[in-house]
Amino acid sequence: MIAETRAALIALAALPAMTPRRLHIVLRHHEPTEALERLRRGFSFAPVVEPKGLEEMFTALRTQAKAVDPESVLGECAAQRVEVVTKLDPNYPAVLADDPFQPAVLFVRGSLDVLAARRVAIVGTRNATAAGRATAFELGEALGSNGVAIVSGLARGIDGAAHRGVRAAEGLAVGVVGNGPDLPYPKQNADIWEWVADCGLLVSEWPPGTPPQDFHFPLRNRIIAALGELLVVVESRERGGSLITARAALERGVTVMAVPGSIRNDAAGGTNKLLVDGATPVTCVDDVLVGLGLDHSRDLGRSMLQRPVDRAVDDVSAAVLELCVHAPHTIDMIAQTLGVPVPDAAVALSRLERVGLVVDTGGWFESAQSKLSGSEARPA
């Protein structure tokens with residue numbers, strides 16, 4: 001009976017038209033074997049399961065259910081080095097077992113043993129600033145060198161930078177993705193995907209071959225929130241997807257922390273709002289370690305600022321850097337704000353670029369320094 005139920009669960013989760021939310025609703029009212037049989041026979045569900053407006057979805061589900069074969073799904077997963085873990089299995093993650101929106105089936109690469117470590121989720125905007133990426137990198141590296149596993153969505157921007165930091169520390173990483181675990185997305189993070197799958201844990205609710213779709217990502221955010229003991233938001237705009245993750249964390253009793261940012265920086269609008277609403281500020285790695293209740297007196301594996309500004313730049317350059325820390329500026333904006341000739345501003349920017357304190361992003365110069373106090377992070 002358990003084998004049949006497990007096979008039905010896998011079949012239901014593998015239906016291309018089935019979403020995790022719809023599957024969750026189906027399983028609240030029907031056993032997996034009954035639900036699959038209803039679909040295969042073309043029977044209707046009660047309106048609470050099959051409401052008006054979803055006729056097209058359920059027509060597709062009934063057609064797909066007649067063709068799906070759990071053994072074929074398992075065979076394809078095995079070929080892609082993907083393990084299928086259902087909520088009936090003894091190795092199903094305990095941290096998800098009582099979740100209010102429990103994933104019925106997980107498609108994983110790597111080792112579930114990573115979840116036995118202390119865990120911090122780090123999330124943020126895809127369109128991160130250089131300073132935001134540096135901050136995420138530093139947090140990932142420092143926490144990773146202290147044995148803390150970092151959970152993220154492996155997206156570009158903050159997520160990818162955090163996991164690159166973990167990789168630099170040879171630490172533990174968990175990636176929760178919004179498509180099949182065999183299809184790295186975005187392509188620019190393919191190297192991180194493969195590293196996480198080989199050395200950490202890659203988790204998806206979608207079987208191999210499933211392409212990314214926009215609605216997948218807000219759904220996977222709840223798993224990121226559930227797997228972290230703490231959630232750290234590094235950068236987020238006021239309507240950013242990271243705020244969805246933060247809400248999911250709060251609903252699960254997970255502490256939300258945020259890195260403060262300049263009020264002139266759009267990428268900090270969401271994080272600053274979280275702080276106003278009561279999130280715990282992160283000004284250094286110690287803040288996160290204290291939040292976990294860990295010893296924070298050890299060397300975190302990162303040096304303090306190695307090139308003090310007063311040794312690397314002159315007074316004009318220091319003033320230029322101060323502007324760029326608050327928000328990206330063009331050369332003309334810098335010259336006008338400081339009241340200096342444009343060539344002088346250009347020379348100052350050149351000096352700051354040479355020592356790695358600012359970066360040029362399409363004519364806009366922004367700080368490349370980590371936002372954490374007393375740190376100068378490497379580029380992510």
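Two residues are said to be in contact when they have heavy atoms within 4.5 Å of each other. In this predicted model, residues 24 or more positions apart account for 71% of the contacts in the protein chain with a separation of 6 or more. The chain as a whole is a good place to start. Its secondary structure comes to 17 helices and 11 strands. Taken along the principal axes, the C-alpha atoms fill a box of roughly 80 × 45 × 40 Å. The radius of gyration of the protein chain is 23 Å, which agrees with the value near 21 Å for a compact globule of 380 residues. Buried residues make up 54% of those 380 residues. The accessible surface comes to about 16,700 Å², and 52% of this area belongs to carbon and sulfur atoms.

The interior can be explored next. Rolling a probe the size of a water molecule over the atoms shows where empty space is left. In this model the count comes to 2 cavities of 30 Å³ or more. About 110 Å³ of space lies in the largest cavity. Of the 14 residues that line the largest cavity, A13, P20, L23, V105 and E205 are the closest to its centre. Helix α2, covering residues 20-29, gives the most to this lining, with 3 residues. By class, the lining of the largest cavity divides into 9 nonpolar, 3 polar and 2 charged residues.

The second largest cavity has a volume of about 30 Å³. Around the second largest cavity stand P93, L96, L106, L112, L115, L201, V203, I223 and L227. At least two residues of this lining come from each of β6 (201-204) and α10 (216-227). The lining of the second largest cavity has 9 nonpolar residues, with no polar and no charged ones.

Helix α8 (158-168) offers a view of how one element is packed. This helix is mostly covered, with 9 of its 11 residues buried. The buried residues of α8 are I158, D159, G160, A161, A162, H163, R164, G165 and V166. The cover over them includes the strands β3 (119-123), β4 (149-152) and β5, together with the helices α7 (130-144) and α9. Just after α8, E170 takes a positive phi of about 55°. E170 is found in the loop between α8 and β5, and this residue counts as exposed because its relative accessible area of 73% is over the 50% cut-off.

One of the buried residues of α8, V166, can be related to V148. The two residues are 18 apart along the chain, and their C-alpha atoms are separated by 9.3 Å. V148 lies in the loop between α7 and β4. At a relative accessibility of 1%, V148 counts as buried because this value is under the 20% cut-off. Leaving aside neighbours within four places in sequence, V148 is in contact with R118, R119, V120, L143, L172, L289, L292 and L294.

Attention now turns to the loop between β5 (173-177) and α9 (190-199), where L183 lies. L183 has a relative accessibility of 32% and so counts as partly exposed. Not counting residues up to four places away in sequence, L183 touches W193, G209, T210 and P211. L183 and F58 are 125 residues apart along the chain, and 26 Å separates their C-alpha atoms. P186 is also found in the loop between β5 and α9. The peptide bond from Y185 to P186 is cis, with omega near -5°.

A further backbone feature concerns R81. Although R81 is not a glycine, this residue has a positive phi of about 60°. R81 is found in the loop between α5 (70-79) and β1 (83-86). E170 likewise has a positive phi in a residue other than glycine, with a value near 55°.

Methods:
Residues numbered from 1 in each chain as written. Predicted model: local features only at pLDDT ≥ 70, side-chain atom pairs only at ≥ 80, totals over all residues. Heavy atoms only, no water. 1 Å grid on protein atoms, 1.4 Å probe; cavity = no way out; pocket = protein on both sides within 12 Å on 5 of 7 lines; lining within 4 Å. Points joined across faces, edges and corners; volume = space filled by probe spheres on them. Helix = DSSP H or I, 4+ residues; strand = E, 2+ residues; numbered from the N terminus. Nonpolar A, V, L, I, M, F, W, Y, C, P; charged D, E, K, R; others polar. Buried < 20%, exposed > 50% of the residue type's maximum accessible area, 1.4 Å probe, protein only. Rg over C-alpha atoms; globule rule 2.2 N^0.38 Å. Areas by Shrake-Rupley, 256 points an atom, 1.4 Å probe, with all protein chains shown as cover.
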